[in-house]
Amino acid sequence: MATTMQAPVAAPVAQFPSELKGAHELTAREIHQVCADWIDALNACLTNNDYNTLDKLFHDESWWRDLLNFTLDHKLLHGKDEIKSFVAEHNPKAQFTKFQLSSKHEPALQHPVEGFTWIQAFINFETKIGRGRGLIRLMPSSSAASGAWKCFTCFTSLEELKGFEEKNGATRPQGVNHGENVDRKAWKDLRHEKKNFLDSEPTVVVIGAGQAGLNLAARLGQLNVDTLIVDKNERIGDNWRKRYNFLVLHDPVWYDHMAYIPFPAHWPVFTPKDKLAEWFEAYANLMELNVWMKTEVKGATYDKDTKTWTVPVQGPDGKIRELHPKHVVLATGHSGEANIPHFEGENEFEGKICHSSQHTTGKDFSGKKAVVVGCCNSGHDIAHDFYEQGADVTIIQRSSTYIMSSENGLRILFEGLYEENGPDVEDADLLFASIPNPMHLVLQGQTAKRIADADKELLENLAKGGFTTNNGDGVSFLGLYFTRGGGYYLDVGASSLIAEGKIKVESGRGIKRFHKNSLELVDGTIVPADIVVLATGYQNMRTTAARILSQEVADQTKDVWGLDEQGELATIWRNSGHPGMWYMGGNLALCRYYSKRLALSIKMLEEGLAVHPAAA
């Protein structure tokens, strides 16, 4: 499922400088001391405003990724000079202090790529308004023998606001007011009042009750920000429930947990879409989320003077209620409207044409000719379904596709992070987020080579079957996801069917036109068809903002997804360009992690701890 992007910007390119190359071995005590000395020096530098000292702490080629501490944004600083300049400008306000090594994690010596060594250490810190966690990676300089280890990557993420901490553990709510309480109300009556906002307005309206909206509403609820989710579907989870019947998540359970309530230990590795939908429904109830289903947003206007929205919504009874939140969050997935191309002669075609988002099952086409246009996850899954339902299937591959097997790809991709007996999901998320995206692309390129070696037989068989892959061309699964939002297939069976000729392939040729009972490709090849499914991806998320809110609002926001000029994912979970309007989306893991960053951003604005960049 690819997302249509604007022309890519030039994100910085990461590298492992040759001057840092070298294998080093240290004892556990020496490793700890190297980190402790570096932390002490950083604390002294920031406390004394002696920012020139940063020259001695960071390599020339280095990175500092910060989430919400320096500014109300995700910042990726590249190079010692940029780091020094930015920290000197913004730290007097942020007031970083009390950097220390995590007492729960031992620093570790690692060899990220052949010939290079770094020490990785979890850290904690404070700022003027909050507390955070992070991670440093120190690499030796040419004088490492004399103890000169400098920072190669630094990651700092705000985790809580002082005075507005989440109430859990020892500070959890009592759940009851003991003693005399005249006109006491039962829990269910209080929930009814709160869910329906009988005498109040939500501070935040979230549009969409999928993983994006649910995770965000849960995070905001724990920060005591009144939040309402609205969704036009009949039931929570219908965004998954209504997709093609045999859809199963391609990502494993360890990667897909929701905020606060992880899946139980008996949960299957790969979750069927209807099972996930049921989990979403239960999750909303357990987290006491305020959700209005069968409710449609009828546009939105923003008042710059009052800094509030007017959002008319139509409920299942047909009545319109105007809401006046401070924030509107579009949580409809990181993609926008379906990308549906049109072709000459399609009106002459006597079969069925639909987009992959409209397809449910191939059951009705047993013994008939099915054509799937597009070769990413959805295209492969739908072709697989058609074959198993007895259709004669052809998949049209317009350009090369990145393929990795579920068996080998996920094992290698997630090893040490999201796996059975792996780190706690909070630590795994932090480890993943701590790597700057440009560095991810370098490391994932090497990971892709390992996966391709493990999948060698599969890839060779696909080539023999006429299917074109781009494995080994510097392309990686994560790189495609971050830059395109698609362009890959995580093989769960369709690749073998293609290699064996059970699913036919027409590769490297697009559609010229439709005929009465067939397609004609650009080279004149005729492909018989009774149904054509267009697995042709989606447009940018701004197109959905235009449809649901207004074109005027959408025009004031920035394109969503892809890497921006600093190497961060563009716009999603961040400043949209419009005050009080946010985009929220991504896979389950990204929604779990970045829902907290967005919730903290909104809480900071509501408590006067920050100014929205678009309103500054």
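## Charges over rings

A charge counts as sitting over a ring if NZ of Lys or CZ of Arg is within 6 Å of the ring centre and within 35 degrees of the ring normal. In this predicted model, Arg219 fits that description: it lies over the face of Tyr260, at 5.1 Å from the ring centre. Another case is Arg597, which lies over the face of Tyr593 at 3.9 Å from the ring centre.

## The overall picture

Let's step back to the whole chain. The protein has 616 residues, and a compact globule of that length would have a radius of gyration near 25 Å; the value here is 26 Å, which agrees. Along the principal axes, the C-alpha atoms fill a box of roughly 80 × 70 × 45 Å. The secondary structure adds up to 17 helices and 26 strands.

How much of the protein is buried? Buried residues make up 56% of the 616. The accessible surface comes to about 26800 Å², and carbon and sulfur atoms own 47% of that. As for contacts with a separation of 6 or more, 68% of them are between residues 24 or more positions apart.

## Aromatic pairs

A search of the whole structure turns up 29 aromatic pairs. One of them is Phe58 with Trp64, a stacked pair with 5.8 Å centre to centre and 15° between the planes. Phe58 and Trp64 are both buried. They also belong to an aromatic cluster, formed by Trp38, Phe58, Trp64, Phe70, Phe86, Phe96, Phe99 and Phe125.

Now for a pair with another geometry. The ring centres of Tyr481 and Trp561 are 5.3 Å apart with the planes at 65°, so this pair is edge-to-face, given that angles over 60 degrees earn that label. Tyr481 sits in helix 13 (residues 477-484), while Trp561 is in the loop between helix 16 (551-555) and strand 26 (581-583), so the pair ties together parts that are 80 residues apart in sequence. Tyr481 is buried at 8% relative accessible area, and Trp561 is buried too, at 3%.

## Salt bridges

The salt bridge count comes to 34. Take Asp392 and Lys504: their closest N and O atoms are 2.3 Å apart. Which elements does this pair link? Asp392 is in strand 18 (residues 392-397) and Lys504 is in strand 21 (residues 504-507), so the bridge ties together parts that are 112 residues apart in sequence. Asp392 is partly exposed at 26% relative accessibility, and Lys504 is partly exposed at 37%.

Asp429 and Arg592 also meet through their side chains, at 2.7 Å from N to O. Here the partners come from helix 10 (residues 425-433) for Asp429 and helix 17 (residues 588-606) for Arg592, so the pair ties together parts that are 163 residues apart in sequence. Are these two buried or exposed? Asp429 is buried, and so is Arg592.

## A mixed pair and a network

Glu520 and Lys512 form a salt bridge at 3.8 Å, N to O. Glu520 has 15% relative accessibility and counts as buried, because the cut-off for buried is under 20%. Lys512, on the other hand, is partly exposed at 46%. Elsewhere, salt bridges that share partners join up Arg235, Asp238, Arg241, Glu278 and Glu281 into one network.

Conventions:
Residues numbered from 1 in each chain as written. Heavy atoms only, no water. Phe/Tyr/Trp six-rings, centres within 6.5 Å; stacked < 30°, edge-to-face > 60°. Buried < 20%, exposed > 50% of the residue type's maximum accessible area, 1.4 Å probe, protein only. Helix = DSSP H or I, 4+ residues; strand = E, 2+ residues; numbered from the N terminus. Rg over C-alpha atoms; globule rule 2.2 N^0.38 Å. Contact = heavy atoms within 4.5 Å. Areas by Shrake-Rupley, 256 points an atom, 1.4 Å probe, with all protein chains shown as cover. Salt bridge = Lys/Arg side-chain N within 4 Å of Asp/Glu carboxyl O.
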